[in-house]
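Hi everyone, thanks for making time for this one. I'd like to walk you through a structure I've been looking at, so let me put it on the screen.

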Amino acid sequence: MSALQLTRPLAFIDLETTGTNVATDRIIEIAIIKVMPDRSVQTKVKRINPGIPIPAATTAIHGITDDDVKDQPLFKQVSNELKQFMEQCDIAGYNSNRFDIPMLVEEFLRAGQTFEVDSRRFVDVQKIFHLMEKRTLGAAYKFYCDKDLVNAHSAEADAMATFEILEAQLTRYETLLKPDVDALATFTKEDDYVDFARRIIMQNGVEMFNFGKYKGRAVRDVLKSEPQYYDWMMKADFPLNTKQKLSEIYHSMMLKKS
């Protein structure tokens with residue numbers, strides 16, 4: 001069996017949210033299963049008041065109602081605790097590269113904090129599953145662990161199942177997957193993107209717009225020829241992380257001019 005080899009903690013995260021729009025939806029539950037290099041496990045689960053109503057269609061999926069979270073803290077009130085718990089951790093999850101991590105980063109930005117991503121490695125267990133077998137979290141759990149996922153859409157149950165699936169994947173694909181976070185992060189890495197919403201991507205070391213009428217054009221070229229496009233994006237309903245990265249590009253251009 002290829003046991004997961006860790007040089008620093010690996011935090012398996014799972015979120016339950018009001019919806020799937022990173023810019024406008026909010027976290028209502030977060031579970032973090034922190035696996036230490038010595039294989040000990042630390043767990044943190046938080047219910048969070050999102051500050052907005054939970055749609056009935058969303059409640060039907062995870063079972064969390066407005067009444068369940070009305071007396072819970074806002075994300076801003078627990079952000080320091082969560083940040084400290086994940087200090088020095090790499091991050092793993094199921095579809096985490098495209099959803100959980102962008103949503104978490106967005107919540108930290110709304111709380112007036114940054115969540116360091118450049119020094120972390122990200123392992124997306126769904127990406128391994130899809131590259132190898134192509135299915136859902138419940139099916140993955142049955143396929144790899146031969147268990148039925150009880151309490152699906154409970155953040156803690158989903159995060160723990162994700163950890164178990166990764167361990168089983170390392171056993172099943174021991175000749176194809178190296179059991180260390182560097183190799184797993186490289187294996188599950190997405191296209192080279194600048195912001196988590198993938199509105200801006202990197203191509204040959206150049207930031208390129210990945211949406212709209214300027215898709216495929218260099219961001220810096222667009223901002224030079226149409227500086228009003230920067231103003232429009234900053235006022236529009238884009239995720240804060242996208243606006244943050246756009247501002248970094250814009251301000252670096254301004255510094256070169258001065």
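Let's start with a pair of side chains: Glu29 and Arg47 are joined by a polar contact of 2.8 Å. This is a predicted model, by the way, so please take every distance I quote as computed from it.

Where does Glu29 sit? You'll find Glu29 in strand 2, which covers residues 27-35. And is Glu29 buried or exposed? Its relative accessibility is 7%, and the cut-off for buried is under 20%, so Glu29 counts as buried.

Arg47 isn't the whole story for that side chain. A polar atom of the Glu29 side chain also lies 3.1 Å from the backbone nitrogen of Ala155. If we leave out residues up to four places away in sequence, Glu29 touches Asp14, Leu15, Glu16, Val45, Lys46, Arg47, Ile64, Ser154 and Ala155.

Keep Asp14, Leu15 and Glu16 in mind, please, since they come back in the second largest pocket. Together with Phe99 and His153, they lie nearest the centre of that pocket, which has 20 lining residues. The second largest pocket holds about 520 Å³ of space. Which element gives the most to its lining? That's strand 1, with 4 residues. Helix 1, helix 4 and helix 6 each supply at least two residues as well. By type, the lining has 7 nonpolar, 9 polar and 4 charged residues.

Now over to the largest pocket, at about 620 Å³. Its lining counts 25 residues, and the ones nearest the centre are Val117, Asp118, Phe122, Tyr193 and Phe196. Here the split is 9 nonpolar, 5 polar and 11 charged, which may interest those of you thinking about electrostatics. Helix 4 turns up again, supplying at least two lining residues, as do helix 8 and helix 11. The largest share, 4 residues, comes from helix 11.

Helix 11 also takes us to my last stop, helix 10, residues 228-235. The buried residues of helix 10 are Tyr229, Tyr230 and Met233. Looking down the axis of helix 10, these buried residues fall within an arc of 105°, so they line one face of the helix. What do they pack against? Their partners are strand 7, helix 9 and helix 11.

That's my tour, folks. Feel free to spin the model around while we chat.

Technical notes. Residues are numbered from 1 along each chain as its sequence is written. This is a predicted model: local features need pLDDT of at least 70, side-chain atom pairs count only at pLDDT 80 or more; totals for chains, interfaces and linings use all residues. Side-chain values use heavy atoms; hydrogens and water are left out. On a 1 Å grid over the protein atoms alone, a cavity is a set of points where a 1.4 Å probe fits but cannot get out, and a pocket is an open set with protein on both sides within 12 Å along at least five of seven lines; lining residues have an atom within 4 Å of a point. Grid points are joined across faces, edges and corners, and a volume is the space filled by probe spheres set on the points. Ala, Val, Leu, Ile, Met, Phe, Trp, Tyr, Cys and Pro count as nonpolar, Asp, Glu, Lys and Arg as charged, and the others, Gly among them, as polar. Buried means under 20% relative accessible area, exposed over 50%, partly exposed in between (1.4 Å probe, protein chains only). The arc is that of the directions from the helix axis to the C-beta atoms. Contact means heavy atoms within 4.5 Å. A polar contact is a pair of N or O atoms within 3.5 Å; within protein, one must be able to donate a hydrogen and the other to accept it, and residues adjacent in sequence count only if both atoms are side-chain atoms.
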